[in-house]
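Let's walk through this model together, one question at a time. Keep the viewer open as you read.

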Amino acid sequence: MKKYDPQKIEGKWQSFWKKNDYFKVTEDKGKKKYYLLEMYPYPSGKIHMGHVRNYAIGDVVARYKRMRGFNVLHPMGWDAFGMPAENAAIENNTHPAKWTYDNIDYMRGQLQRMGFSYDWNRELATCRPEYYRWEQLVFVEMFKKGLAYKKKTYVNWCDLCQTVLANEQVVDGCCWRHPDQEVTLKEMDSWFFKITDYTKELLDYCNKLPGWPEKVLTMQKNWIGESHGAILRFPVVDSDHVIEVFTTRQDTIFGATFLCFAPEYPLIKELTKGMPQEKEVKKFIEKTLKVDTFMRTADFTSKEGIFTGRYCLNPATGEEIPIYVANFVLYEYGTGAIMAVPTHDQRDFEFAKKYNLSLRVVIKPKDTDLSEEGMTEAYVDEGVLVNSGPFNGMPNMEALDSIIEYLESKGMGYKTINYRLKDWGVSRQRYWGAPIPIIYCPQCGAVPVPEDQLPVLLPLDLDLKEGGKSPLPHEASFYETTCPQCGQKAKRETDTMDTFVESSWYFDRFASPRYENSIFDKEKVAYWMPVDQYIGGIEHAILHLLYSRFYTKVLRDMGYLKIDEPFTNLLTQGMVCKETFKCQEHGYLFPEEVKEGRCTHCGKEAQIGGSVKMSKSTKNVIDPQKLINRYGADTVRMFCLFASPFERDLEWSDEGVEGAWRFLNRVWRLVVENRQILSNAQPYDAIQSLSPDLHNIHRKTHQTIKKVTEDIENRFHFNTAISAVMELFNTVNQFISNGKEISELAFSVIKEAVDTMVILLHPVVPHITEELWRALDHSDSLAIVSWPTYREEALKKETCLVVIQVNGKLRSRIEILVSLTEKEIQELALKDTRVQSFIQEKEIKRVIVVQKRLVNIVV
């Protein structure tokens, strides 16, 4: 073909790769393995540009590593369970299963059309029974070990979704899926995984992951949230209950004048039962729980509370202090109860002033006294203890250990470490998920489903109830069963598992996706795991990665794995964004949807919308298929990789896509127009006989190999790698286009450069490079060609610039070979035509050559 036609080329090479099984992989102990994985997608219907960028990055690395001789595992699957399928099923009047499987078929075709080098023989979908049966088995084993348990808890509840939401799924007090739906807190029985049993290991191993971005590790550490402090015990007056409080400031215990509960604190109901304040307390809690955590605890939010009618004893002073319920106390932090020291905590100070509670100064500056009456704000700096019994006069920070030892001797406290991380709630009141394998028996209680009865199949012949409610609790054929222990009538659990469970081990299953005897083939999973390079969005920096790390450690302790961490290296790419306008009626608009400052759909004024992430929720998406149809997959791949460093957001640019398209056409023309001569060019060895121009091309070729190799291998700087190839192209193209006659030797040097250029571009744009490789008279597919190596000696600059002066004044410059002697340099300088015009018939007294960089002719 004389003209570059990506539609013909790309389909041809995709069929060729598939026919030859180039990307199918098996275990080979004679080769070093490399497991490359991108976070698998939810089958939402169509891939978007975020997918394309993520998978293009992964495909470059996978192809590059194959060419470097690694045994590369590069699989693809589908995170197929979850609420979006149910929402789509309601909108489209179809079944979630049909919607999901149809989308998988369509999206598989899209990914194949992009030319990604996946081993499709390993494809899996988490909604298939052959996948989730093993997840159910792990649940049963966790239940038996006490790692899966059920308890009453307050949960985030979305009425529209009819399900529990994780804290991270609550955005500004509303459901992440329904931005206008307020989330409420609801008390209910839920299943939990005891991730807190692994808290210390999860935290410690954050320092053993050098291949992870520091930003992600910091986010994980903050989420786990280690605090060193103490538990202090406050006995409730007229009760057997003792309230335990976690604090990092036991030095202020003598100044604690009241205690506050979080609204969710489970003891409140019992303590207020029958008290005059019971109804008002209940009303306050209901009102407070309607406000999201961020707003409740924000500095600008008014500090509110209500007296419970009960008192407890300060463990240091023995004084009775009142117990309040306060909006700013979080149940997730510490024990859900705090001691309040209003003189030394500004939040407590404001609360005490509002409700006229007592103050006691226990820390003062070294040289100044403080009085409660004169305080307008809390004193929060270090100082000396006062009103603190035997600790008076001690610097407050030095007294921390002494005070807790004193309280411990009285049985009123002890040192401890507190973690922010709480157990993982895995119950979901949804239909489209993996059933939790538990049976409830009136006699035996909660009983795990026996292994030989797994999987507990999700029935696919049920329709969602009104409002998207799960049909499982209403379908007797599903929930009616018999107890496996006593044989009596029993009832199945109707909750399904959080979809984060499926994504916490799918990478392990890729090692042996068709294995039927256990969750994994141990030999194969031992060969492939851990994942050498994991690639995905920064939005998954906390939950998905943390849960995956936890699940890996659980499977290790069960004997299924021999590794401590699932991902050796992690790459988090930025988002794909686009400059937009915004219409009040039609939301985000592309520039082409705005004319003369108005929305083309309704005529209303369009405001600048700023750069926003492309997402389906804002209907701000570019359909990759349209770009593929117009430019081909290679152009789309190149734009995504060239337009921005991987870790930064990619600003969408139509001009950038056009630029990638033009460059590929230029490369195409360079090869096709010189195909005959380049195909016949012979290898060359006599480097020393090359002219300066050819030396430059030769050196540039090997510099480019070095640069591209280092950019991909060490830095993942795909944009600068592509830029280096563009520079090599420009060097070659400029030489060919200068109009001079080109010798056979020159074409041999150019052939090496063009071959190199095509190979180096292959991981980025695999289709056009395969076609050009054949045009250059090579028979092997680039999919199995080795990556080029550079020659150290070729990197040395073979020529240098020499400045020529006549009587100390600059008169000319010449390019010379660095191998020339001073005498040869002197002769060339004297022959230079510009120099001769200044010397003319004058007597040459001396010629001075300085370090082969400067020649001064004295006349």
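Q: Which residue in strand 37 stands opposite Val 803?
A: This is a predicted model, so everything here is read from predicted coordinates. Strand 34 pairs with strand 37 in the parallel sense, over four bridges. Follow that pairing, and opposite Val 803 you will find Leu 854.

Q: In what order do the four strands of this open sheet run?
A: Strand 35 (809-817) and strand 36 (846-850) are the edge strands, each pairing on one side only. Neighbouring strands are turned by 20 degrees against each other on average, with direction ignored. The pairing in the sheet is mixed, and the order is 35-34-37-36.

Q: How many bridges join strand 34 to strand 35?
A: Two of the facing pairs are easy to find: Val 802 stands opposite Ile 814, and Cys 800 has Ile 816 as its bridge partner. The two strands run antiparallel, and the bridges that join them number eight.

Q: Which residue in the turn between strand 34 and strand 35 has a positive phi?
A: These two strands form a hairpin with two residues between them. One residue in that turn has a positive phi of about 55 degrees, and it is Asn 807.

Q: Is strand 34 largely enclosed or largely open?
A: Buried here means under 20% relative accessible area. Six of the eight residues of strand 34 are buried, so the strand is largely enclosed by the rest of the structure.

Q: At about what angle does helix 27 run to strand 36?
A: Helix 27 covers residues 822-831 and lies across strand 34, strand 35, strand 36 and strand 37. Its angle to strand 36 is about 120 degrees.

Q: How far apart are the end C-alpha atoms of helix 2?
A: Helix 2 has 19 residues, 49-67, and at 1.5 Å a residue it should span 27 Å. The expected span agrees with the model, where the end C-alpha atoms are apart by 27 Å.

Q: How many of the 19 residues of helix 2 are buried?
A: Just after this helix, Gly 69 takes a positive phi of about 95 degrees. Helix 2 itself is largely enclosed by the rest of the structure, because its buried residues number 18 of the 19.

Q: What is the relative accessible area of Ser 117?
A: Ser 117 lies in the loop between helix 4 (96-113) and strand 4 (124-125). Leaving out residues up to four places away in sequence, Ser 117 touches Phe 23, Asp 59, Ala 62, Arg 63, Arg 66 and His 74. Ser 117 is buried, and its relative accessible area is 0%.

Q: How many residues make up the largest nonpolar core?
A: Nonpolar side chains tend to be buried together in soluble globular proteins. Val 732 is among the members that touch the most others, along with Met 142, Phe 193, Ile 750 and Val 754. Not counting neighbours within four places in sequence, Val 732 is in contact with Leu 670, Ile 697, Ile 750, Ala 753, Val 754 and Met 757. Another core of 43 residues, including Val 281 and Phe 284, lies apart from it, while the largest core has 184 residues.

Q: How many disulfides does the structure hold?
A: A disulfide is a covalent bond between the sulfur atoms of two cysteines. Cys 127 is buried at a relative accessible area of 5%, and Cys 175 is buried at 2%. The number of disulfides in the structure is zero.

Definitions and conventions
Residues numbered from 1 in each chain as written. Predicted model: local features only at pLDDT ≥ 70, side-chain atom pairs only at ≥ 80, totals over all residues. Heavy atoms only, no water. Core = buried A, V, L, I, M, F, W, Y, C linked by side-chain atoms within 4.5 Å. Buried < 20%, exposed > 50% of the residue type's maximum accessible area, 1.4 Å probe, protein only. Contact = heavy atoms within 4.5 Å. Expected span 1.5 Å × (residues − 1). Disulfide = S-S within 2.5 Å. Pairing = 2+ DSSP bridges. Axes fitted to C-alpha atoms, helices over the stretch in contact; angles between N-to-C directions.
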